[in-house]
Amino acid sequence: MEQYTVTGMSCAACVSRVEKAVSKVEGVTSCSVSLLTNSMGVEGTASPEQIISAVKAAGYGAMKKNGQNPAAPASQQPDDLEDKETPLLLRRLLWSLGFLAVLMYLSMGHMLGLPLPDALNPIAQGILQLLLAASVMVINQKFFISGFRSLFHRAPNMDTLVALGSSAAFVYSTAQVLAMTAAETPHMSDFHLYFESAAMILTLITVGKMLEARSKGKTTSALKSLMQMAPKTALVLRNGVETEIPASQVQKGDIFLVHPGASIPVDGVVLEGKSAVDESALTGESIPVEKEAGDPVSAATINRFGFLQCEAVKVGEDTALSQIIKMVSDTAATKAPIAKTADQVAGIFVPAVIGIALITLIVWLLTGADMSFALARAISVLVISCPCALGLATPVAIMVGSGKGAKNGILFKTAAALESAGRTEIVALDKTDTITEGNPAVTDSFPAEGITASDFLHLAASLEQHSEHPLAKAVLRYAEEQNVQPSEVSDFTVLAGNGVSAVLNGAALLGGSLKFIRTRAELPQSAVQLAQQLAEEGKTPLFFCENGKYLGMIAAADVIKPDSAQAISELRNMGIRVVMLTGDNQRTAAAIAKQAGVEEVIADVLPDGKEAVIRRLSAEGRTIMVGDGINDAPALTRADIGIAIGAGTDVAMDAADIVLMKSHLTDAAAAIRLSRATLRNIRENLFWAFIYNIIGIPLAAGVWIPLFGWELNPMFGAAAMSLSSFCVVSNALRLNLFGMYNAAKDRKIRIKHKKEKKAMTKTMKITGMMCPHCEATVKKALEALEMVASAEVSHKEGTAVLTLTAPADDALLKKTVEDKDFTVTEIL
């Protein structure tokens, strides 16, 4: 996504105009404009020159953000989020108030019994009021330049309403002053001057704009604090000499030094030294993390105690800090689906208000009211209407919500993810590294008869030494504890979801699950029964064989994370259905699920089968998938919302919509809680923005005058308009006070479920399947088809029962199975 700074926008109508103009450019696939940050995110192949030209043609200004990645550290680029608007508005306001005070004294002082200079006759008073009002208009000329330029481009905005209202009052009053000069004995009571209204409207709108700008500045405080975390300098080794250089000049491969108390300048890996590093800036975790040679370190974290010598691995915009800043910035640049209604209204709002003002003027004149009264009603309509509140209702809440999440190590990639997470109905949790620590340990070893414990462990460790699986690591650690050294093997192969194979001294070794090994070797019944008993205890049995002969079994167990049971309980208390996915057998999975408090378990899921499971769950309700590994990426992408936990792998982070920097499952519950609070805040903002205009416009037009005598002075209309946006922004800032880890107020929300489709099923009769391995082959082939949600295959029954999400061609189903060398005899 390319990001641009857009100038000249004042309300939601401006946003709509810019988006429409840029979306028409050839090559642009998506465009999202934020009034909050005055930024625009564009995706597609269109050149920056084309995009900037389109914005200028619409009557606004645009430029690419510093020609750099907007996520670059603060030391590498100016702080685009610095509040430059509030000081300018304050200066304008002070000058306006000075002139307005004198104008109000002249026009309304007599009502308070204040004396006026005798030298001021009515004509002199009128001319002096004209000059004072004109001064205020010149000071606030931005409203007129922006407003009339937008009107000229046939895209009127909020400034247009202000400019028209103020100009109408000024022009009418000027005409009254001219009429006053033609009168023989003019009296102020005979002429209606609205100079004070023209000036007061501009001043009050400026007050509102200043309060709004100040509040908007606070909404980006989280992003600014992230940018300010980036260290300014780094201490590197150059030709054996310690040299201090700007952090932006550190290159990949440089050796840098970090003294106690210093910030780490870039992402790297420790070469020498041992220390504890405070990573709270990135993860929100307050406890320092021990670091030694080989461990990774991240930019903006603080070395607390020891001395570290590190090698730079990721620099500039590639560091974890820069990626976090980019995620938060991109979230602000995207739009939540709920904002579409407000955008549609804003697109026609200003023209509609101008039309209502004209109708108001004409209707009152037709009813016999004098021109000054009718004009006052029309001006009130113009200045009370506020499209600005509509435009800010969603982005301010999104910015504050995403910023609060980032401070706590929860990163939302898009506004849509922040909105949708709160509407979740199902959460699917990967077991390893999500519910459990992912660091299993060997609990039991059972060599077969005729083989010693050390010989069995030697063969098992030799087979597992090249595997990256956590269970393999557990076997190797156990072998090391028993002083058993593995031997080098050849032809090592990972059999995904089943086990591993290798050759040692000409003998074929196999290791894996009971389901897999029993298809390759004859297992004693006692071993199978023992495996079932271990599984019921929550342990995972690993079987080993050599040249088809059973060697023995090793049992390992993973530990439940301390917060897993609490997180799952919190999710269930929110009314969310929790499902655990695992490749373990049903007994082991059930034991772990019982410890964690999960009621629904889907076991024996192969790595490439997770995507099919998520596809089926998504058909039942809005689904979140929480995982951390490379094999979780397809499922994270398939889910309505993908959450990568513990920062996960780069692939998992890329596939996820939400990234949890810590390995705490309670952060998943907190993310949903924060999403619900943000969505609630957006609805409150939209309600205020809509109800304000629904009530205010009829009141300003004088609809209630005949019934209740309610009449609105244009000045009070301007005051209401100026406060409306301020109220919306202030309401959004309340999210900073939200307790996202407080489960006391959790409640089950009623979610409008997807319209359930009647499940389509087909039964295939298949011959040639002889074992569970054949079942797995057919199941994998069928579930790879887009329209197949799941396939229940039985080699004993010779059937495959398919659950379909869409009609499937029998010929395609038959070909899919027969390509795997089985025969389809019938499809029902």
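## A six-stranded sheet

In what order do the six strands of the open sheet run? Reading across this predicted model, you go β16-β21-β20-β19-β18-β17, and the pairing is antiparallel. The two edges are taken by β16 (441-447) and β17 (490-495), each of which has a pairing partner on one side only. On average, neighbouring strands in this sheet are turned by 15 degrees against each other, if you ignore direction.

As background, strands of a sheet pair through backbone hydrogen bonds, and they can do this in parallel or antiparallel fashion.

## Inside the sheet, and the helix on it

Let's look at one pair from that order. Strand β19 (residues 507-512) and strand β20 (residues 540-546) run antiparallel, with four bridges joining them. For a spot to click on, try Leu-510: its bridge partner in β20 is Cys-545.

Helix α19 (residues 525-536) packs on this sheet, where it touches β16, β20 and β21 (549-557). The direction of α19 makes about 10 degrees with that of β21.

## The β28-β29 hairpin

Now over to another pair of strands. β28 (residues 788-794) and β29 (residues 799-804) run antiparallel and are joined by six bridges. Val-788 sits opposite Leu-804 of β29. Four residues lie between the strands of this hairpin, and Gly-798 takes a positive phi near 70 degrees.

Why is β28 described as largely enclosed by the rest of the structure? Because six of its seven residues are buried, that is, under 20% relative accessible area.

Definitions and conventions:
Residues are numbered from 1 along each chain as its sequence is written. This is a predicted model: local features need pLDDT of at least 70, side-chain atom pairs count only at pLDDT 80 or more; totals for chains, interfaces and linings use all residues. Side-chain values use heavy atoms; hydrogens and water are left out. Buried means under 20% relative accessible area, exposed over 50%, partly exposed in between (1.4 Å probe, protein chains only). Two strands pair if DSSP finds at least two bridges between them. Axes are lines fitted to C-alpha atoms, for helices over the stretch in contact, and angles run from 0 to 180 degrees between N-to-C directions. Contact means heavy atoms within 4.5 Å.
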